[in-house]
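Reader: I would like a close look at one part of this model, with a short account of its setting. Please keep it plain.

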Amino acid sequence: MIRILKNLRARLVDDGVLKKGVGPSYYLEGLLYNVPPTKFGSSYEDCFVNSINWIQGEAKKSELLCANEQYYLLRNEPHVCWSPADAEAFLAATVKYWKEWT
């Protein structure tokens, strides 16, 4: 799933939808780290849809942790956390891309 998100991010940057640096790999990994294992299905499509739906609908975004569990994932603390605005930009672009693709 992480590889899918990273490839999607690269596509969004290449297409000019996202600025380079909006979705660093470490933060994408952190985003998926927080998704409950029960949301990962038997296909890549299920995993992707369930993960993004959970993040957008059920997750308490202010409580998401970085994968090292030392910091919150979404905060405006430079060099330690992912800017909430950048995370939302990435997620909005991801959802839009998915809806237009399917």
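Reader: To start with, how many positive and negative side chains does the protein chain have, and how far apart do the centres of the two sets lie? After that, please go through the aromatic pairs: where do Y27 and W82 lie in the chain?

Author: The model is a predicted one. Its protein chain carries 12 positive and 12 negative side chains, and 3 Å separates the centres of the two sets.

First, the setting. The protein chain has 4 helices and 0 strands, so its pattern along the sequence reads α-α-α-α. For 102 residues, a compact globule would have a radius of gyration near 13 Å, and the 13 Å of the protein chain agrees with that. The C-alpha trace spans about 35 × 35 × 20 Å along its principal axes. Among contacts with a separation of 6 or more, 55% join residues 24 or more positions apart. Of the 102 residues, 34% count as buried.

Now the aromatic pairs. A search of the whole structure finds 5 of them. In one, the ring centres of Y27 and W82 lie 5.8 Å apart with the planes at 10°; the pair is stacked because planes under 30 degrees apart count as such. Y27 sits in helix α2 and W82 in the loop between α3 and α4, so the pair links parts of the chain 55 residues apart. Both residues are buried. Ring pairs also join Y27 and W82 with Y26 and F90 in a cluster.

Helix α2 covers residues 25-33, and its buried residues are Y27, L28, G30, L31 and L32. Their cover includes α1 (2-14), α3 (44-58) and α4 (84-101).

P24 lies in the loop between α1 and α2. With a relative accessibility of 28%, P24 counts as partly exposed. Apart from neighbours within four places in sequence, P24 is in contact with R9 and with W82, the latter being the partner of Y27 in the stacked pair. The C-alpha atoms of P24 and D86 are 9.8 Å apart, although 62 residues separate them along the chain.

Another pair lies in helix α4, where W98 and W101 are 3 residues apart, or about one helical turn. An α-helix has 3.6 residues a turn, so residues three or four places apart point the same way. The ring centres of W98 and W101 are 5.5 Å apart and the planes stand at 45°, which makes the pair tilted. W98 is partly exposed at 22% relative accessible area, while W101 is exposed at 61%.

Key: Residues are numbered from 1 along each chain as its sequence is written. This is a predicted model: local features need pLDDT of at least 70, side-chain atom pairs count only at pLDDT 80 or more; totals for chains, interfaces and linings use all residues. Side-chain values use heavy atoms; hydrogens and water are left out. Helices (H or I, at least four residues) and strands (E, at least two) are DSSP runs, numbered from the N terminus. The radius of gyration is taken over C-alpha atoms; the globule rule is 2.2 Å times the number of residues to the power 0.38. Buried means under 20% relative accessible area, exposed over 50%, partly exposed in between (1.4 Å probe, protein chains only). Contact means heavy atoms within 4.5 Å. Lys and Arg count as positive and Asp and Glu as negative; His and the chain ends are not counted. The place of a charge is taken as NZ of Lys, CZ of Arg, CG of Asp or CD of Glu. Rings of Phe, Tyr and Trp (its six-membered ring) pair if their centres lie within 6.5 Å; planes under 30 degrees apart count as stacked, over 60 as edge-to-face and the rest as tilted.
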